[in-house]
Amino acid sequence: MRPFRRSLLLLLGTATAATLHAAPGGLPSAAHGDSSPEWDRLRDKLFTGRRIDATAETNKVQLIVPLRAAYGASVPVKIVSKLPQTAGLYVRRVYLIVDKNPSPLAAVLDLTPDIGQADFETRLRVDEYSHVRVVSELSNGELHMDSRYVKTSGGCSAPPNRDALHLIGKTVFKLPDGVRPNAPTPAQVTVVHPNDTGFELNQQTVMYIPAYFVRSIKVSYGERRLFDAELDFSVSENPTLRFNFVPQGGGAELKAEVEDSKDRHFVGSLAVALP
Amino acid sequence: MTMHRAAPLLQRRSLLAAAAGAPWVAASAQAADAAVEVEAGVYLLPGQPGQPTAANAGRIGNAGFIVGRSGVMVIDTGTSHRHGQVLLAAVAQVTPLPVRLALVTHVRQEFVFGASAFQARGIPVHMQRDAAALMAARCEGCLKAMRAELGEETMRDTRVFKPDQLFDETHVVESIGRPVLVQHHGHASGPGDSSAFDVRSGTLFAGGLLDNKRIPDIQDSQLDGWRQALGGLRSLRLSTIVPGHGPAAGPELIASNERYLAQLERRCAVLLKEGAALSEVPDAAALPEFSRWDQYDTVHRRNASIMFLRLERRLLLDEPGQGAPR
């Protein structure tokens, strides 16, 4: 399953890159409507023939993105699930997509009921005017979607960050709101990593800096798997994920296993003590 | 502050505007393309306020020139090949002396892309080596975006150029019969920032280091280097500053830019400490003192995000060593 999905990610990336470069830049036709040619293509590949509920009143997922993103290299994106994670029914998988990016599938999150609440926050690169969308797959097979049209402020791209390369892979957890025993508790994991897209030129050599990015983050709490995230370079520098988990008993260790596109492995952990 | 300085020049400016009748000058850009004498023999070619749009042809950056005994030095080259031609025509309205060189002070689209028009006339374009490297690395992409935004016609014949003269260090230009100090400031507002100081009049062409009534863009900056460069400018005997954007001003302009950078950093540090989410930062980082500056609604919001991310990254790097690579 896992290798298959990885190759799917890559296949989708290359398939859409060609059409992207052919398209002229600038504003797409007025619409804030939900669809785009890129999405139509992706949808066929990822969810062939399946019904997707994209109606705000009935769907089970909401996406929160600023309409006018202040900084395209790091657009904050928040996913809110409108159902709790229970063993009976839960969000099994979350797809995060930036229609116009060279590699549109930014993240696929594989979830367990143990996260308590399937809300996530991360930061994405949005290179041009694009839909950002989330598709939630429930454990009963239903698909739910929400999308936002994002405009990023224009301007030249910033030179890539090249200091502290020796710290690549440093993985840090934070509990921004402290510990809530037996209740969904927000946590954040961040990996120091350039997440190079492969589209930036090195200023000194004027050669393309090869794509180099965090490919997966697997997070567990004690013995229990919380979620596996497969990521791509549409995720911003220093990839970060805010998620939930349910602290229980006497506490345990939050642990992240990280793998990047050079097959380097990193690990970070945080001992969670319950009051 | 700046008004008393600009006022006596207004008359001259409107006269020049009336005289500048080159047929290829777009009507909307015409007034802005006339030279304004800010000190004896020192001229500002003012850019327009706002973001680059088709209506202003992207001509939002200042250029300028210094007329010496034997020739002219132009500082910054405009947004497009055509804009470069317009700037050269404006110089010709003022003096018959030949343009000996052009200096590109930093790598922003509204300063670099007119250089090909200078080269087409055999005028050598000077640039600091690190700035040239940044240009080579990213300006093709930038040019593509500008063609889409401003239109093919506006950007016709514009290309990423190769500087004729690269320099590494601060030096004095003597070739126009009037000494001009070209300072290299290291990585300040961007890699390879330089400025031009006309020793005789005390006029500084500040390039990317200073803006007037416009939010400085921190995207390419190294803040420590920038502060150091601004401090260094104080050792010059300054009478007038031609900033990268906005009207000419007096030496007090340095302090206003320093104050913006300091307040931006302080505000973002507070937000980080309070645990603000990145999504809240652009609104939460409001700085009322600067709310009337041009591009407050765009560049300031982006600056706030960038500053917040930088401070956050620094914190992340300093964090005790959880998860050392294995």
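**Where in chain A does pLDDT stay under 50, and how many contacts beyond four places in sequence does the model have there?** This is a predicted model, and the stretch in question is residues 1-8 of chain A, with 3 such contacts. Next, look at residues 10-32 of chain A: here too the pLDDT is below 50, and the model gives this stretch 22 contacts beyond near neighbours in sequence. Where pLDDT is low, the predicted coordinates should not be read in detail.

**Chain A as a whole has 2 helices and 16 strands.** Its average pLDDT is 85, and 84% of the residues score at least 70. Confidence bottoms out in α1(A), with a mean of 40, and peaks at 98 in β12 (residues 214-221) of chain A. Of the 275 residues in chain A, 44% are buried. If you take the contacts in chain A with a separation of 6 or more, 68% of them come from residues 24 or more positions apart.

**A:S35 sits in the loop between α1 (2-22) and α2 (37-46) of chain A.** Zoom in on this residue and you'll find 14 C-beta neighbours inside 10 Å, so A:S35 counts as partly exposed. Have a look at A:D99 as well: A:S35 and A:D99 are 64 residues apart in sequence, yet their C-alpha atoms are 9.2 Å apart in space.

**A:D263 has a positive phi, near 60 degrees, although the residue is not a glycine.** You can find A:D263 in the loop that links β15 (251-260) and β16 (265-273) of chain A. Is this spot buried or exposed? A:D263 is exposed, because just 7 other C-beta atoms lie within 10 Å and a count of 12 or fewer qualifies as exposed.

**B:Q295 is another non-glycine residue with a positive phi, this time near 70 degrees.** The setting is the loop between α10 (281-284) and α11 (296-318) of chain B. B:Q295 has 22 other C-beta atoms within 10 Å, so the residue is buried; the cut-off for that is 20 or more.

**Seven strands of chain B line up in an open sheet, in the order β1-β2-β3-β4-β5-β6-β7.** The pairing is mixed. Why do β1 (36-39) and β7 (165-167) of chain B each have one side without a neighbour in the sheet? Both stand at the edges with a single partner strand each, so one side is left free of a neighbour. On average, neighbouring strands of this sheet are turned by 25 degrees against each other, direction ignored.

**Inside that sheet, β4 (residues 72-75) and β5 (residues 99-104) of chain B pair in the parallel sense.** Their pairing runs over 4 bridges. For a landmark, find B:M73, which stands opposite B:L101 in β5(B). Helix α7 (residues 129-150) of chain B packs on the sheet and touches β6 (125-128) and β7 of chain B. The direction of α7(B) makes about 95 degrees with that of β6(B).

**Helices α9 (residues 253-273) and α11 of chain B cross at roughly 60 degrees, their axes coming within 9 Å.** At that angle the two helices are oblique to each other, and the crossing is right-handed. On the α9(B) side, the residues that meet α11(B) include B:L264, B:C268 and B:L272. Among their counterparts in α11(B) are B:A304, B:M307, B:F308 and B:L311.

How values were computed:
Residues are numbered from 1 along each chain as its sequence is written. Chains are lettered from A and ligands numbered from 1 in the order in which they are written. This is a predicted model: local features need pLDDT of at least 70, side-chain atom pairs count only at pLDDT 80 or more; totals for chains, interfaces and linings use all residues. Two strands pair if DSSP finds at least two bridges between them. Axes are lines fitted to C-alpha atoms, for helices over the stretch in contact, and angles run from 0 to 180 degrees between N-to-C directions. Two residues are in contact if their C-beta atoms, placed from the backbone, lie within 7 Å. pLDDT is the predictor's confidence in each residue, from 0 to 100. Angles under 35 degrees count as roughly parallel, over 145 as roughly antiparallel, 65 to 115 as roughly perpendicular and the rest as oblique. A crossing is left-handed if the near helix is turned anticlockwise from the far one by less than a right angle, and right-handed if clockwise.
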